[in-house]
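Student: I would like a close look at one part of this structure. Please take me through the place where the two chains meet, and then through what lies around it.

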Amino acid sequence: MFSIIFTWLIVAWGALACIYMLRCAWSRFPRRDVDADDVIPFLYPVDISLAESILDPAAEFECRWKLGPRRFREAQRKRMRLYLELTRRMAHNAKVLVEYAAAEKHSHDPRRVSLASALQEKAIGVRLYSLLTGIKLRFWLLLRADILNSMPLAHLRSAGEIDGLQTYSALKTAAAAAFIQLPADEQDSLFRNL
Amino acid sequence: MIFLTYIPLLLLVLLLLTLVRRRSFKIVPCFFAYAAFAVAADIARFATHNHHPSYRLTYWVTEAGYDVLGMLVMYEVLRKVLGDLTRAWWSRLIFPAVLIAGIGMSVARANVVPSRLSGIEFYIAVGEIAVRFVQVFVFAGLVTLVPLLGLRWRQYPFGVATGFGLYATVMLLATTKFSDFGTRFKLLWGWTSLVAYSVAVLIWIWFFSVPQKASTPNSELSAASAGDLKQYKDALRRMR
């Protein structure tokens with residue numbers, strides 16, 4: 001009985017995947033042009049120094065030292081929610097940049113294609129890190145238990161062998177290279193929003 | 001009528017020529033081996049078509065070959081896609097886990113649905129269904145990653161997985177549903193298999209008909225001009 005139910009579930013998953021691929025193939029025509037106006041206003045600012053402070057083991061140790069176990073748990077939950085929000089923003093920004101890079105790859109200029117490839121590679125790294133960290137954080141938040149006392153947030157610095165903050169900084173650098181032709185004021189707003 | 005059953009052979013020859021033209025044996029060697037084997041297997045089946053014992057032997061030997069190569073191709077696809085994404089230790093466990101799940105599902109199904117086959121033929125058939133499960137798992141899993149991570153879907157490993165995934169999904173559906181039709185089962189199954197496999201080969205031809213774009217930055221490009229470098233330095237300074 002279970003094997004038949006699982007078989008149907010797998011067949012349904014496969015059918016949905018087929019429909020998705022068909023949609024991908026179909027939506028190639030007509031191709032949508034994406035430029036800087038489709039990127040800069042859609043980015044959410046990510047405070048990297050805040051992320052650094054959340055992941056700092058010394059700050060966490062100080063918190064644990066100053067607060068009692070109950071208050072530390074509460075503070076830790078707040079820090080987790082904050083970091084979850086930061087990873088959500090990172091993932092969103094990476095998605096916006098991936099779409100831009102995918103459109104840029106159709107350019108006839110090999111340098112632009114190369115810069116778009118580098119941008120896409122970093123953005124995918126950020127998306128993977130955000131996905132894995134998001135799963136981990138949601139699981140920890142779901143537990144609502146004493147485990148929060150023993151889970152140092154510094155462990156979230158890397159997921160799937162990807163250093164999140166380092167990869168995000170690399171993404172910003174790749175974005176700087178990809179948008180080098182923009183006027184200075186637009187570049188400023190790009191960096192502010194990233 | 002017999003001509004129609006060999007349409008996939010003609011398409012496979014076309015696919016093999018496309019793969020050679022694209023030099024894809026360097027990118028996806030297992031899939032290239034699979035395509036070459038499929039052409040040889042279909043020619044062997046065609047040659048022995050009028051001699052029942054030889055055809056039966058050829059059929060089961062080539063089916064076993066399809067099982068092994070089908071697994072190897074899925075391993076290659078998964079390694080290519082995941083290898084570019086992460087070097088985490090657990091990524092190496094994904095294929096064995098998928099393989100165990102596929103074999104488990106196939107064995108469970110064999111227990112529920114009694115087979116008329118026995119001996120080695122039974123094991124080859126169980127292996128074939130396990131390969132179908134693995135192909136759907138890998139295909140659907142990879143396609144799920146496309147919107148999640150923003151991966152580029154038009155790349156060779158995704159093309160290989162799409163062809164196999166479509167065929168395996170249709171065949172699993174056919175194997176599960178068409179058994180309700182009794183004696184009409186064999187005819188329906190044969191035609192569904194023929195059409196689904198032909199579509200799968202057409203998908204492969206379409207994916208391999210264009211050269212794969214570089215997924216990593218091209219190191220052979222000429223150095224940036226002094227003006228570009230200055231702009232780049234200014235941009236980085238403003239970023240900080």
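Tutor: Here is a walk through the interface, followed by the salt bridges and the build of one chain.

Keep in mind that this is a predicted model. Start with who takes part. Chain B brings 53 residues to the contact. Chain A brings 46 residues.

Next comes area. The size of an interface is often given as the accessible area lost when the parts come together. Between chain B and chain A, the buried area is about 4,300 Å². Carbon and sulfur atoms give 72% of that area.

Now look for charge pairs across the boundary. The rule finds zero salt bridges between chain B and chain A. Polar contacts do turn up there: three residue pairs, with both residues at pLDDT 80 or more.

Which parts of chain B touch chain A? Five helices each supply at least two residues: helix 4 (94-112), helix 5 (119-150), helix 6 (156-177), helix 7 (185-208) and helix 8 (226-239). Helix 5 of chain B gives the largest share, with 13 residues. Sort this side of chain B by class, and you get 33 nonpolar, twelve polar and eight charged residues.

Stay with helix 5 of chain B for a moment. It holds a salt bridge between the side chains of B:R132 and B:E128, at 3.7 Å from N to O. These two residues sit four apart in the helix, about one turn. Are they buried or exposed? Buried means under 20% relative accessible area. B:R132 has 12%, so it counts as buried. B:E128 has 14%, so it is buried as well.

Salt bridges also form a network in chain A. Shared partners join A:E60, A:R64 and A:R79 into one network. Over all chains, the search finds ten salt bridges.

Two more of these bridges lie within helices of chain A. One links the side chains of A:E62 and A:K66, at 2.9 Å from N to O. Both belong to helix 3 (residues 57-66) of chain A; they are four residues apart, so about one helical turn separates them. A:E62 is partly exposed at 42% relative accessible area. A:K66 is exposed at 62%.

The other links the side chains of A:E74 and A:R70, at 3.5 Å. They lie in helix 4 (residues 69-104) of chain A, again four residues apart. A:E74 is partly exposed at 42%, while A:R70 is exposed at 57%.

Step back to chain A as a whole. It has eight helices and two strands. Along the sequence, the pattern runs α-α-α-α-α-α-β-β-α-α. Of its 194 residues, 47% are buried. Take the contacts in chain A with a separation of 6 or more: residues 24 or more positions apart account for 77% of them.

A:L194 gives an example of a buried residue. It sits in the segment after helix 8 (184-193) of chain A. Its relative accessibility is 1%, so it counts as buried. What does A:L194 touch, leaving aside neighbours within four places in sequence? Its partners include A:L43, A:P45, A:N93 and A:Y168. A:Y168 is 26 residues away in sequence, yet the C-alpha atoms are 9.3 Å apart.

Finish with the cysteines. A:C18 is buried at 18% relative accessibility. A:C24 is buried too, at 7%. A disulfide is a covalent bond between the sulfur atoms of two cysteines. The count over all chains comes to zero disulfides.

Note on methods
Residues numbered from 1 in each chain as written. Chains lettered and ligands numbered in written order. Predicted model: local features only at pLDDT ≥ 70, side-chain atom pairs only at ≥ 80, totals over all residues. Heavy atoms only, no water. Contact = heavy atoms within 4.5 Å. Buried area = accessible area lost by both parts, 1.4 Å probe. Salt bridge = Lys/Arg side-chain N within 4 Å of Asp/Glu carboxyl O. Polar contact = N/O pair within 3.5 Å; in protein donor to acceptor, adjacent residues only side chain to side chain. Nonpolar A, V, L, I, M, F, W, Y, C, P; charged D, E, K, R; others polar. Disulfide = S-S within 2.5 Å. Buried < 20%, exposed > 50% of the residue type's maximum accessible area, 1.4 Å probe, protein only.
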